[in-house]
Amino acid sequence: MSAAAPALIQIAAIEKSPGYWAGVIRRFRRDPVAMAALVIMLALVLMAIFAPLIAPADPYRSSMIRRLRPIGTPGFPLGTDELGRDMLSRLIHGGRLSLLMGVTPVFIAFFIGSAIGITAGFVGGKVNTVLMRTIDVFFAFPSVLLAIALSGALGAGIFNGLLSLTIVFVPPIARIAESVTTAVRKIEYIEAARASGASAFRIVRVHVLGNVIGPIFVYATGLISVSLILASGLSFLGLGVKPPEPEWGLMLNTLRNAIYVQPWVAALPGLMIFITSISFNLLSDGLRSAMDIKA
Amino acid sequence: MSNATSPSPEAAAPVPASRAPLLSVNGLRKHFPLKGGLFGRTTGVVRAVDGVSFDVAEGETLGIVGESGCGKSTTARLLVDLITPDDGQILLESRRLGVDLDVRELRRHVQMVFQDSYASLNPRLTMEDAIAFGPRVNGMPAAKATALAHELLAKVGLEPRRFAGRYPHELSGGQRQRVNIARALAFSPKIVILDEAVSALDKSVEAQVLNLLADLKKELGLTYIFISHDLNVVRYISDRVMVMYLGEVAEIGPVETLYANPTHPYTRALLAAMPSMDPDRRTEEAPLTGDPPNPINPPSGCRFHPRCAKAEGVCSAGSPGLFKLPSDRHLVACHAAIPGSGHSLAEMPA
């Protein structure tokens, strides 16, 4: 019965406006800085994915006779580290763990934090108070200290590092999600939707989600650079990745004794962290302005 | 009593008073607690709507006027249960909300159009999706709801082929308000509440939308509750007018009676403040001075007495309550108009 009914209805063809996201992409493409950041970021990701194919040498093979060679040494374009391993290969391979440690916690925290924040923001009242005051407890600690404390308590290792970083990033994302949702909830189209008798879940799905996910996403993208630095910091302190794994933070740590011998080589992992985090930051800035409909 | 001798407005009244009202509101009250202090204690109460009662007959337009903050919009939101009233009854066709009428049904029959045409449309939804949302929530299949949306777009004067796929920011204010009207109509409501629905529009666009509203009313047999601060517009569109002051009804009556014979001093002051097109017809009565008192701690007795030129001791002593004037369907809450109230201008009781 109901399956046959729609067939009788004829809907005239309409002129479709380009959607919101089509406009965002168009504006993003006009932003040279954001596009450059996107290209660098994609290059880094591709580099990490295809590391074994790109890297000229084995990143684990050490040699005591060729330790701390300078940049430009034949066969070792970026020199060697304190154990004589090829820096270029180690930097390329290091991108895998570093990006994983940078992106994964933010990605997971994005879902958890958004869920908490949107619930708190949309339901409001006591639910909001309980959720957000709990979140506030985490804000009492500086994020670096919290990550170190959690990692320290859980023990070193990649998984525990990821877990502690995720816990660190849930509160800020939840707080942004809550404030954006609270603002959206007060706009009249939500009132109109409520006046239509729609369920809270449906209102969130149709009217809230599309309007809050953008700003939360932009904020989360900005956190990736922080996560990268924190992850590197954990590795630097011996809490995240363990040697001999190549990871930029850990490399920075082990090379710091060589800072007077080969300062340029020792600075290379830091440079990679810098480039990656700044490209994520610029990408997030570009997204923010591309999403601003009045821009 | 001057009103007793004035021409009776019954002849002009579109609906016989004997029929049961479509919507009936009794003693509606909403106080907003003011939270403050260290532990969110209640430090005060805003008496936004304080005992408002009125009826709306089928097919009529009831205008609600008053200054900002007098409770017009709160009343509107209470009527569709967007805000839950503290006290009072809402009856739709003699069925009482919460007893034998549930909120869902009330909302299907009573729809609302808001002032801000842009804020009342989701920026991420196309116009057809925005209009089809309500019917779909109420169980209409998607294709049928879209077809209905196109039909309604055409009805409010927007060509579906051009406008169905558009987003709110691509439309002008008047076009957006037409979409908002179409969205309200998608429920096939009996009553449409227009909360300052044309106030933000340009004068020429406002006139177009008002004409559209009048046409739709005739075509679909709608009943309007028209909230505005523009007395000219209210006079044009309304059958009856309700004047609100600080959360209470000051005066209510048929539009021509009320405009010709305003009885409450506040109504008189409002009408006197209306700009006149005729330079010879200057405002004689002193317009109102000062802001309305704070609804957190409203004045005792008649809430208007601190600003009223005719205030006497009795006015601050007790609230007058709505009094039915001899001219039918004209009610006023003023001691000076109530015989035997003790006010020097009031008639002595027979």
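Which residue stands opposite B:Tyr245 in S10(B)? The partner is B:Glu248. The model behind this report is predicted.

## A strand pair in chain B

Strand S9 of chain B spans residues 240-245. Strand S10 of chain B covers residues 248-254. The two pair in the antiparallel sense, over 6 bridges. B:Tyr245 and B:Glu248 face each other in this pairing. The hairpin of S9(B) and S10(B) has 2 residues between the strands. In this hairpin, B:Leu246 takes a positive phi, near 45°.

S9(B) has another neighbour. Strand S3 of chain B, residues 61-65, runs parallel to S9(B). Here 4 bridges make the join. B:Val65 has B:Val243 of S9(B) as its bridge partner.

## A strand covered on both faces

S9(B) is largely enclosed by the rest of the structure, because 6 of its 6 residues are buried. One side carries B:Arg240, B:Met242 and B:Met244. The other side carries B:Val241, B:Val243 and B:Tyr245. Both faces are covered.

## Chain B as a whole

Chain B has 350 residues, and 53% of them count as buried. Its fold includes 12 helices and 12 strands. Take the contacts in chain B between residues at least 6 apart in sequence: 65% join residues at least 24 apart. The accessible surface of chain B comes to about 15,200 Å². Carbon and sulfur atoms account for 51% of that surface.

## The largest pocket

The largest pocket has a volume of about 550 Å³. It is lined by 21 residues. Those closest to its centre are A:Asn211, A:Pro215, A:Met291, B:Pro123 and B:Arg124. Both chains thus appear in that central set.

Three helices of chain A each supply at least two lining residues: H8 (158-185), H10 (200-236) and H12 (263-291). The largest share, 5 residues, comes from H10(A). By type, the lining divides into 15 nonpolar, 2 polar and 4 charged residues.

## An enclosed helix in chain A

Helix H9 of chain A runs over residues 188-195. It is largely enclosed by the rest of the structure, because 7 of its 8 residues are buried. The buried residues are A:Glu188, A:Tyr189, A:Ile190, A:Glu191, A:Ala192, A:Ala193 and A:Ala195. A:Gly197 follows H9(A), and its phi is positive, near 85°.

## Unusual backbone spots

Most residues other than glycine have a negative phi, and most peptide bonds are trans. Several places in this model depart from that pattern.

A cis peptide bond joins A:Pro243 and A:Pro244, with omega about 10°. A:Pro244 lies in the loop between H10 and helix H11 (248-255) of chain A.

## Two loop residues compared

B:Asp81 is not a glycine, yet its phi is positive, about 60°. B:Asp81 sits in the loop between helix H2 (72-79) and strand S4 (87-92) of chain B. Is B:Asp81 buried or exposed? B:Asp81 has a relative accessible area of 14%, so it is buried; the cut-off for buried is under 20%.

B:Ser94 also has a positive phi, near 65°, in a residue other than glycine. B:Ser94 lies in the loop between S4 and strand S5 (95-96) of chain B. With a relative accessible area of 53%, B:Ser94 is exposed, since exposed means over 50%.

How values were computed:
Residues are numbered from 1 along each chain as its sequence is written. Chains are lettered from A and ligands numbered from 1 in the order in which they are written. This is a predicted model: local features need pLDDT of at least 70, side-chain atom pairs count only at pLDDT 80 or more; totals for chains, interfaces and linings use all residues. Side-chain values use heavy atoms; hydrogens and water are left out. On a 1 Å grid over the protein atoms alone, a cavity is a set of points where a 1.4 Å probe fits but cannot get out, and a pocket is an open set with protein on both sides within 12 Å along at least five of seven lines; lining residues have an atom within 4 Å of a point. Grid points are joined across faces, edges and corners, and a volume is the space filled by probe spheres set on the points. Ala, Val, Leu, Ile, Met, Phe, Trp, Tyr, Cys and Pro count as nonpolar, Asp, Glu, Lys and Arg as charged, and the others, Gly among them, as polar. Buried means under 20% relative accessible area, exposed over 50%, partly exposed in between (1.4 Å probe, protein chains only). Contact means heavy atoms within 4.5 Å. Accessible areas come from the Shrake-Rupley method with a 1.4 Å probe; for residues, only the protein chains shown count as cover. Two strands pair if DSSP finds at least two bridges between them.
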